[in-house]
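User: Please take a close look at one part of this model, the backbone and its surroundings at a single loop position. After that, work outward to the rest of the chain in one connected answer.

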Amino acid sequence: MEKCKTLMCRGLLPKRQTKNKSCKDKRHVPRSSQEALANQLCSDDEDDSVWLFEILDSFGANDDYRKTIQRESIKREILQTFGGYLTCYYMGSTFEGAVTPDEPNDIDFMKCDEMFPVIQDISEAKMSGFSLLIIQELDTPDGYVKLQLVYDGIPCTSTDWLLVRFIGMHKYIKIDRVGRIIVFDFLMEPYIDDLFSRPKNKPAVKSEKYYDLNMDTVISYRCKTWPKEAQEWLSRKRHHCWPSTDMIQELQTLGFFVVRKGHPFSPEIDVEWRISLSLQERKLMFNLTDVQHKCYIVLKMLNRDVINLECITTYHWKTCLFYVIEKSSSNDWEKNKLWHCIIRCIKLMLRWVKRGFCPNYFIPRENLFDGRMNASWRLISVNVLEELLNVGFECLLLVKRNNIGDYVRSRASLDWYVWLQSNSKKVYNEALYNANAATIHTTLHVFNTAILEQLFNLANGNVVLFVYCIWYILGCIQHACSSTISGHTHYETKQSLSLLLPYIYTCLASNVSAMAIYNQNYQVRDFLLFGSFIYFRGGKLPGHLKFISVLYAIGLYTDCEWWLHQLDEECFKYNPSFCNCRYIKSDSTMAYEYIINTSNLKVLTCVSFLPTEIAIIPNALIFEMFRHFGISLTHEDKTYAYCCWHYRAVVDCNIFFFLLKYVTKEKLRCFQECENARLCIAILLFVKNVRHRDVANNLLAWTFRSNYETPLALMCLAKSWEISNSWDLCFMIFTDEMKQKQYQFNSAKLHMLVILYSIWYARKPSIIHFCFQCFSMSEEEIPKCSRCKISTYCSKQCQIANWKKHKRVCKIVRNYHTVQCLIYVYTSN
């Protein structure tokens, strides 16, 4: 019953008193007074429009934010198309820029399978292989089609059933009433799993509350010609020239998608596909003016917080906006007429609701209300929209997002208004950072999973073949930059794919360097090292750090020091660290004060080393290469995209910089600077500007252990285990086995083995006295075990408490020490 309540029942404020005068009252008012009243009302609307425009502009509903979202979205879909098997597109308000920073980021993702082209005429069919022919019958609903399977240019009928069954497509096709083989679901892998099953007649797979996001993924087929059902749109009379002739021609070249959804009232709902002109809609949204963009933002706010009816969606308002723009003069879309434009859209929607018919913008005969609005919902919707028009501008008091309601209330309070502006600016800046960070995230994802892991698995340990594969990918990028991806321009394609080059250059150079170090021919080695240096320079910050690692591996410590001094240490201390190797839930809540700016160059990523690069890895980091030791996983788990980082050494850039500084200064015997570098690692861990926190703790433990500061090393390793056992690291692991074994992928166990060997068998004592039971440290020497002469205890109570653990170890160590002494005596003689 709640849905039946009108806006007035929900507690809206009454209308403006100046607008409440009846027509009878106005007839008895002198004409000059009527004109003055009309001018006053017009002036009020204009003032409200200008005020609303400026408020929207201040908290992110502006061209700068919109263009940033659109630009970064295009980069991401080009990257994902290059790194995948499907053509990828981001759809919906989030990636059209029709959102504000405070809105939840719902993601609509379109993936198009280009393997089976959709055709409207049999003459367009592929002469070898499969095509999908559009079939439209007299009773097929407007905006929907059926797809007939075509093989080698010939439409398939019931006589071809055995052939289709032999190929393995029989589960996804049917024979219709006239004997045609009709496709009702996706034909080939990877779409024939439970996620993309047809029965629910839903085009999208929904992932709700995924990192606090709602994500819809749609798989589609594509026709590269304009749909015949939308021919009227191309020749439609447009008195105000929107869209322009050039825009119409451009939209015509984009073709259309068909998505797996039947008409809700059709008897053949299970075999129908819906025509989708999402690219055209997105292009129109990209080209809205600032006022039109703000109008749509407000309509969405009202729909969500005030209207709040399931039968009227954001898509209906987008369609409504397109029709209003087409029928309006450009002079109507001015800053001081913003509220007037919003009212025009609401009035048009009200007319549609009364008729029960919302026409698709491109195919007007298709009713977008079908399956959503029955007689009851129509009555409710009419009441709500009429009341919204009666209330007028004060309806914004009920809008919760972006504090719009508070802004309206603050018009009489300057202090409150200033506070709201300050808060909005903070949210806006953070949203800009997140938009740019999302592009870095996608770049790293494509490189790590679609390029690095796939090529390394393909090479199967053959370094030469792996290097050749990397060269091949560089050629593919160059070729792609000279063409287009996803229908974007050459400039957009080149700009997007160039984001991958630093990581590819770094990977190529580091593998060539590792090969060079093993080469016995010094001339060949020097030639390869010099060649790799050129690519390291193109690898930006990770490449520079890996280059220093190569210098350290070949013993050029003074050169290492010089190159380290060329890097900005403040950058490593304060710039935010960003990683894509694994998903950690708490990373998404990183403190805002660590977000310095939005430039890619100011964001730190991680550095990874493959097993083929072990020759150039510092000793401390080699432990990370073998952290999978002792864990058995199935092949499926080993190749799982979010677990592949377990089989290579990965460390944050900032931690790796200070590790290189530590080991270099140690070799040069600059011990104070060495200690400062170690302190910086500890500080970075304290402020949590590190993504691979377990790795950083292990490296810190290695520095303490190498100086025989055993208790401090043990404390770091204990912290590493604590991090690895946290729920954070299991957030993106879906299999139960991986969740149980996730914490075992930690090289802390290897560091611990080295420490135990040093203490018990090598008998290298710690320079810090500590209790083996409670780990309390002491400046003075404390009592030892009378038998093994190794274990130390701060009190008799600790010795008794530790005896159950120590009893067996003590016996083994004594026996080992006896054998060791005998061997020493025998070899001496």
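Analyst: Tyrosine 708 has a relative accessible area of 34%, so it counts as partly exposed, since that class lies between the cut-offs of 20% and 50%. The model is predicted, and what follows is computed from it. Tyrosine 708 sits in the loop that links α26 (693–706) to α27 (710–724). Its phi is positive, about 60°, although the residue is not a glycine.

Asparagine 460 can be set beside it. Here too phi is positive in a residue other than glycine, with a value near 55°. Asparagine 460 belongs to the loop between α14 and α15 (463–482). With a relative accessibility of 69%, asparagine 460 is classed as exposed, because the threshold for that class is over 50%.

A further backbone feature in a loop is a cis peptide bond between tryptophan 242 and proline 243, where omega is about -5°. Proline 243 is placed in the loop between α6 (231–235) and α7 (245–252).

Helix α14 leads from the loops into the interior. Threonine 449 is part of this helix. At 18% relative accessibility threonine 449 is buried, because the limit for that class is under 20%. The threonine 449 side chain comes to 2.5 Å from the backbone oxygen of histidine 445.

Helix α14 (414–459) also contributes to the lining of a cavity. The model has six cavities of 30 Å³ or more, and the volume of the largest is about 180 Å³. Seventeen residues line that largest cavity, and Phe447, Tyr503, Cys606, Val607 and Ser608 are the ones nearest its centre. The elements that each give two or more residues to this lining are α14 (414–459), α17 (501–518), α19 (540–553) and β13 (606–609). By residue class, the lining of the largest cavity holds 11 nonpolar, three polar and three charged residues.

The strands can be read in a similar way. In a regular strand, side chains alternate between the two faces of the sheet. In strand β1 (residues 87–91), five of the five residues are buried, so the strand is largely enclosed by the rest of the structure. Thr87, Tyr89 and Met91 lie on one side of β1 and Cys88 and Tyr90 on the other, and both faces are covered. Strand β1 runs antiparallel to strand β2 (residues 107–112), and five bridges join the two. Across this pairing, methionine 91 has aspartate 108 of β2 as its bridge partner.

Strand β11 (residues 256–259) gives another case of burial on both sides: Phe256 and Val258 point one way, Phe257 and Val259 point the other way, and all are buried. Its antiparallel neighbour is strand β12 (residues 273–276), joined to β11 by three bridges. Valine 258 is paired there with isoleucine 275 of β12.

Finally, the chain as a whole. It contains 30 helices and 16 strands. Of its 829 residues, 52% count as buried. Among contacts in the chain with a separation of 6 or more, 70% are between residues 24 or more positions apart.

To return to the starting point, tyrosine 708 is a partly exposed residue with positive phi, in the loop between α26 and α27.

How values were computed. Residues are numbered from 1 along each chain as its sequence is written. This is a predicted model: local features need pLDDT of at least 70, side-chain atom pairs count only at pLDDT 80 or more; totals for chains, interfaces and linings use all residues. Side-chain values use heavy atoms; hydrogens and water are left out. Buried means under 20% relative accessible area, exposed over 50%, partly exposed in between (1.4 Å probe, protein chains only). Helices (H or I, at least four residues) and strands (E, at least two) are DSSP runs, numbered from the N terminus. Two strands pair if DSSP finds at least two bridges between them. On a 1 Å grid over the protein atoms alone, a cavity is a set of points where a 1.4 Å probe fits but cannot get out, and a pocket is an open set with protein on both sides within 12 Å along at least five of seven lines; lining residues have an atom within 4 Å of a point. Grid points are joined across faces, edges and corners, and a volume is the space filled by probe spheres set on the points. Ala, Val, Leu, Ile, Met, Phe, Trp, Tyr, Cys and Pro count as nonpolar, Asp, Glu, Lys and Arg as charged, and the others, Gly among them, as polar. A polar contact is a pair of N or O atoms within 3.5 Å; within protein, one must be able to donate a hydrogen and the other to accept it, and residues adjacent in sequence count only if both atoms are side-chain atoms. Contact means heavy atoms within 4.5 Å.
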